[in-house]
Amino acid sequence: VSCSYGAGRYDEEYEQKGHDYPIGYVRWTEKRNFEAVLNAISKKTLNVNSLITDRVALNDYQKIYGDMSNSKSIASILEYTSSDIQESTIQLTSKSFEGKKGVIGVIGSGNFTSSTILPNLKKCNADIKYIASSGGLSSTIMAKKHNIANSTSNYHEILNDKEVDLVLVTTQHHMHAKMTIEAINAGKSVFVEKPLALNEIELDEIIKSYKSKDVNLSVGFNRRFAPLAIKMKKTLGNSITPINIVATMNAGFIPKDVWIHDMEIGGGRIIGEACHYIDLCSYLTGSKVISVCMNSMGSNPEENTDNASILLKYENGSNAVINYFSNGSKSYSKERVEVYSQERTLVMDNWRSLKGYGFKGFSGAKSGQNKGHFNQFQELLFQQENGGNPIIPFDEIVNTTKASFAAIESLKEGKWISIK
């Protein structure tokens, strides 16, 4: 087979979604190349026996891979014995989870899981029994690094384990709703990274499952748990007076062929990322969004735009503007929030500093850049182990999710969209 495989290589529409190139348009695709070669081998019109220089038992794989630079082998065959049992789960460390609460199974082993979620769970002394990935390799690497008991390529092992009572879903966005519903139906509490769902149908199914089970459901809206967000909320006080918020996310450029822009897989950056700031604005206002209007840069913007301004109107009369931009300078702050209330102003810069104007006894505060991940997981585990109210009320999670959908609908229809 050609080393370049053929047309379709690295094309997500072809390799992941199964959208084939018509044979009259492209005769030799990646798949058809392999089919032709395998067919020729099976019919013995292509003889590859002369290329085979080694046959090695699977357990002796190091004979091939141990020093490939000095190998004189052309083609090596790894032989499996009929007695080899294929297991989807491997145990890496022996731990007892019997009788414990807050036993975690993590589904997904991407970069964010490795760089942010697992380190913060470790700081919280979390009991993680499983981590799952589709192929098993990345989850095994992370399990070894973070001392996780089991690695699996079958996430249903997590759902079927009675000792696991909390499932973390950290996969690509299009899998969130499906896995959340499966976990809820298995009687597990769920923490799912944002977004909760990509459309109203998925959201309705989640609501239905959630109402049928006595479990908790949380979404990774970590910004409200950041020390400076908590300080802003406390400084504003409990007044019912409406406030104005201007929140800016200098999100940075991401190439259009990255999965987050695919509406079927990532949902776009508004649904997939700007939802963070919808939740933060709702937290600061202490109210729910009732209508949304979104305008985007360009004369004919697409629904997966990442240069847009979202206007939010709240039940208590508060207003918020979220500027989600990808065309700004990397040298400027990535996140900034301004709050205006009763002749007072708060300005939060990049989760490092907070300045207050017009407040008695408060002029500012500083923090190491802290976006709330540790606090979020600490509260999540405490709630799971001890009971009590969910760390984010479910109706607020639903309202934020609906508001993100409404933003896209507003862009399409060119008008304000009410949230029901």
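This dialogue walks through some features of a predicted model.

Colleague: Where should a reader begin; how many helices and strands are there in the protein chain?

Modeller: Begin with the overall count. The protein chain has twelve helices and 18 strands. Its C-alpha trace spans about 85 × 60 × 45 Å along the principal axes. Of the 420 residues, 47% are buried.

Colleague: What share of the contacts with a separation of 6 or more comes from residues 24 or more positions apart?

Modeller: Such residues account for 63% of those contacts in the protein chain.

Colleague: How do I read the sheet, and in which order do its strands lie?

Modeller: List the strands by their pairing. Here seven strands form an open sheet in the order S3-S6-S5-S4-S7-S8-S9, with mixed pairing. Strand S3 (89–91) and strand S9 (217–219) are the edge strands, each pairing on one side only. From one strand to the next, the twist averages 20°.

Colleague: How many bridges join strand S4 to strand S5?

Modeller: Five bridges join S4 (residues 103–107) to S5 (residues 127–132), and the two strands run parallel. One of the partnerships is that of Val103 with Asp127 in S5.

Colleague: Which strands does helix H4 touch?

Modeller: Helix H4 (residues 111–123) packs on the sheet and touches S4, S5 and strand S7 (166–169). The direction of H4 makes about 160° with that of S5.

Colleague: Now the side chains. How many aromatic pairs does the structure hold?

Modeller: It holds five aromatic pairs. To classify a pair, look at the angle between the ring planes: under 30 degrees counts as stacked. The ring centres of Tyr210 and Phe394 are 3.9 Å apart and their planes are at 20°, so this pair is stacked.

Colleague: Why does the pair of Tyr210 and Phe394 tie together parts that are apart in sequence?

Modeller: Because Tyr210 lies in helix H8 (residues 200–212) and Phe394 in helix H12 (residues 394–413), the pair ties together parts 184 residues apart in sequence.

Colleague: Are these two residues buried or exposed?

Modeller: Compare the relative accessible area with the cut-off: under 20% means buried. Tyr210 has 16% and is buried; Phe394, with 12%, is buried too.

Colleague: Which residues do ring pairs link into a cluster?

Modeller: Tyr14, Tyr21 and Tyr25 are linked in this way.

Colleague: Which ring has the charged end of Lys233 over it?

Modeller: The charged end of Lys233 sits over the ring of Tyr283, 5.3 Å from its centre. Arg27 lies over the face of Trp28, at 4.1 Å from the ring centre.

Note on methods
Residues are numbered from 1 along each chain as its sequence is written. This is a predicted model: local features need pLDDT of at least 70, side-chain atom pairs count only at pLDDT 80 or more; totals for chains, interfaces and linings use all residues. Side-chain values use heavy atoms; hydrogens and water are left out. Rings of Phe, Tyr and Trp (its six-membered ring) pair if their centres lie within 6.5 Å; planes under 30 degrees apart count as stacked, over 60 as edge-to-face and the rest as tilted. Helices (H or I, at least four residues) and strands (E, at least two) are DSSP runs, numbered from the N terminus. Buried means under 20% relative accessible area, exposed over 50%, partly exposed in between (1.4 Å probe, protein chains only). A charge sits over a ring if NZ of Lys or CZ of Arg is within 6 Å of the ring centre and within 35 degrees of the ring normal. Two strands pair if DSSP finds at least two bridges between them. Axes are lines fitted to C-alpha atoms, for helices over the stretch in contact, and angles run from 0 to 180 degrees between N-to-C directions. Contact means heavy atoms within 4.5 Å.
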